[in-house]
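Me: I'd like a close look at one part of this protein, the surroundings of the ligand. Could you walk me through it in plain words?

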Amino acid sequence: MTYLAVPISEKNIQTCKEQIKTAVKAGAGMLELRTDYIETVNIEKVKELIAAAKQTNLPIIVTCRDTAEGGQNNLPAPLRSQILTEAINLGADLIDCEYANFIQSNFGEIIKKTLAENKKTRLILSAHNFKAPFGNLDGIYEQMFAAFPQAIAKTAYHANHINDCFAAFDVIKKYGNKAIAICMGQAGVISRVITKKLDAFLAFASIEDTAATASGQITVEKMKKQYRFDSINDETEFFGLIGDPVEHSIGPVVHNACFGAEKLNCVYLPMLVTGGQVQFNEFLDNVTARAWLDMRGFSVTIPHKVNALQYAKTKGEYIEPLAAKIGAVNTLTVGLNERINGYNTDYAGAMDALTGAMGIKRKQLHSKTTAVIGAGGAARAIVAGLAEVGAKITIYNRTLSKAQSLAAEFACHWAGLEEVKNIDAEIVINCTSIGMHPKIDASPVPKECLKPAMVVFDTVYNPLETLLLRQAKRAGAKVVSGSEMFIGQAAEQFKLFTHKDCPMDTVRKVTLEALGEK
Ligand code: NAP
């Protein structure tokens, strides 16, 4: 069992006590009393804090961190050592002592002796690096166990890249419940959740973002509600959004809600992959080399959609033909023997949004006159989807050369953006960012051109109702929101990830709630 430990890190005992109450209410499974945070700390204050924490019946760790390893208030070594020994005498379940201090005889011997006299208390030996990963991570664990075989060995290091997390997974795989490994920073976020699957001794979470004691710490609420921490076990499968940036994406909220609705033992995480093709390849190589992590699939966003296609081409097993034609992959699944498959659900999501609103099948788009405004990534996916079913497409774009080359590839007509005023099509699709937040007073189509017989589809989903859609509605046209495309592509991904139909009510409700909040 992996404890969900919440640090108590206030400056005075009264506010610490309040923080303890909040932590219990939030669902903490363990409390870490960071006594180094207490101003003018002394033994009496520590005693009072331990007594308050013990009333919760939660296991407690007492820590008095050295400033050299991220502690507060620059406390002298004799006081830190005294606080830890006193905590043992007071029956703390665990104390956390820096390995570097533990091996100093004047610091470690008294702790060892006190532990020998109080068998109930366990020792966490810890090492921290706030700048970078440790060189030989496994070597550190070996040294810690050599110094005190009954210890729980802990490292916390800054992940410069998500690829730095895999060394942490390897040590937890090896030592399980005898170890803790935390990767700090945005790139390390996945370590805080995934190590539970590997049976790490604990994972830290904060009560609120401002109470985090280390960068990248997730709140208890998010751990439990969004990342389904309590349900994670050794059979949990992981999925995620690969991109840069990823922190503001609604993907994790939507996919985790769908997993929850279907009672699937799956968790979806944001996976910040910085860099280009090389770093992207390293990430997938790391994943596929560790089948035991059960990372089974990924959504892919900016800037990696082309990198994902390249990876699938060189090292993968299957690429959906239309994804290859579009030149971008937004979904990867990890198949049998850890082979990668690549798909594009953007086009499928757009086609489903359009045909769903029109009440027709995809093939019935054949011969429909369609105006696609824009010639970027979204336009490319939609043009490919429409061309496949034989729609008659005209591409309008600000940069003529882009309209021209996209039109040449898919045998369409093309024109400049200023030609939109002469638009005469059954279906109009905006694939530019015109009208997107914050410039919500703009529309790519003059309102006079909008006709009752038209179907107007705006891929922009922020705001949910763009000026184009508002004006189209007023003109009596049928409208399709970008949120429907998002819902459609997420539903397709769910199917590819789980081989089950997506719970459409859930995906729609959660997507609209999440987008409405933006
Ligand atoms: P992209 O590859 O960067 O392409 C942007 C397109 O917008 C280009 O055609 C560009 O024209 C045009 N554009 C941008 N600013 C413009 C302006 N001020 N005036 C005229 N044209 C302008 O981006 P993308 O990935 O295709 O995304 C485009 C839109 O699709 C975004 O708003 C995004 O929210 C939406 N989208 C929605 C979904 C969904 O699930 N609903 C999925 C993907 C994308 P130039 O070629 O002249 O630069």
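Which helix gives the most to the shell around the ligand?

Reply: Keep in mind that this is a predicted model. The helix you're after is α18, which puts three residues into the shell around the ligand. It isn't alone in helping out: α15 (377–388) and α18 (482–498) each supply at least two residues of that shell.

Let's zoom out to the whole shell for a second. The ligand has 21 residues around it, and the closest are A375, G377, A378, N397 and T399. Sort the shell by class and you get 10 nonpolar, nine polar and two charged residues.

Now for some polar contacts. N397 uses its side chain: one of its polar atoms sits 2.8 Å from an oxygen atom of the ligand. T459 works through its backbone, with an N or O atom 3.0 Å from a nitrogen atom of the ligand. F486 also brings in a backbone N or O atom, this one 3.4 Å from a ligand oxygen. As for cover, the ligand on its own has 920 Å² of accessible area, and the protein covers 73% of that.

Next, a sheet to find in the picture. It's an open one with six strands, all paired in parallel, and the order is β17-β16-β15-β18-β19-β20. At the edges you'll find β17 (413–416) and β20 (478–480), each pairing on one side only. From one strand to the next, the twist averages 20°. Look inside the sheet and you'll see β15 (residues 369–373) and β18 (residues 427–430) running parallel, paired over four bridges. There, I373 stands opposite N430 of β18.

Two helices pack on this sheet. Helix α16 (residues 400–410) touches β16 (392–397) and β17, and its direction makes about 175° with that of β17. Helix α17 (residues 467–474) touches β18, β19 (455–458) and β20, at about 165° to the direction of β19.

Back to α18, because there's another sheet to meet. That open sheet has six strands too, in the order β10-β9-β11-β13-β14-β12, but here the pairing is mixed. Its edge strands are β10 (266–272) and β12 (318–319). Two bridges join β12 to β14 (residues 340–343), and these two strands run parallel. In that pair, I319 has G342 of β14 as its bridge partner. And here's α18 again: it packs on this sheet, touching β9, β10, β11, β13 (331–334) and β14, with its direction about 10° from that of β13.

Notes. Residues are numbered from 1 along each chain as its sequence is written. This is a predicted model: local features need pLDDT of at least 70, side-chain atom pairs count only at pLDDT 80 or more; totals for chains, interfaces and linings use all residues. Side-chain values use heavy atoms; hydrogens and water are left out. Two strands pair if DSSP finds at least two bridges between them. Axes are lines fitted to C-alpha atoms, for helices over the stretch in contact, and angles run from 0 to 180 degrees between N-to-C directions. Contact means heavy atoms within 4.5 Å. A residue is near a molecule or strand if one of its heavy atoms lies within 4 Å of it. A polar contact is a pair of N or O atoms within 3.5 Å; within protein, one must be able to donate a hydrogen and the other to accept it, and residues adjacent in sequence count only if both atoms are side-chain atoms. Accessible areas come from the Shrake-Rupley method with a 1.4 Å probe; for residues, only the protein chains shown count as cover. Ala, Val, Leu, Ile, Met, Phe, Trp, Tyr, Cys and Pro count as nonpolar, Asp, Glu, Lys and Arg as charged, and the others, Gly among them, as polar.
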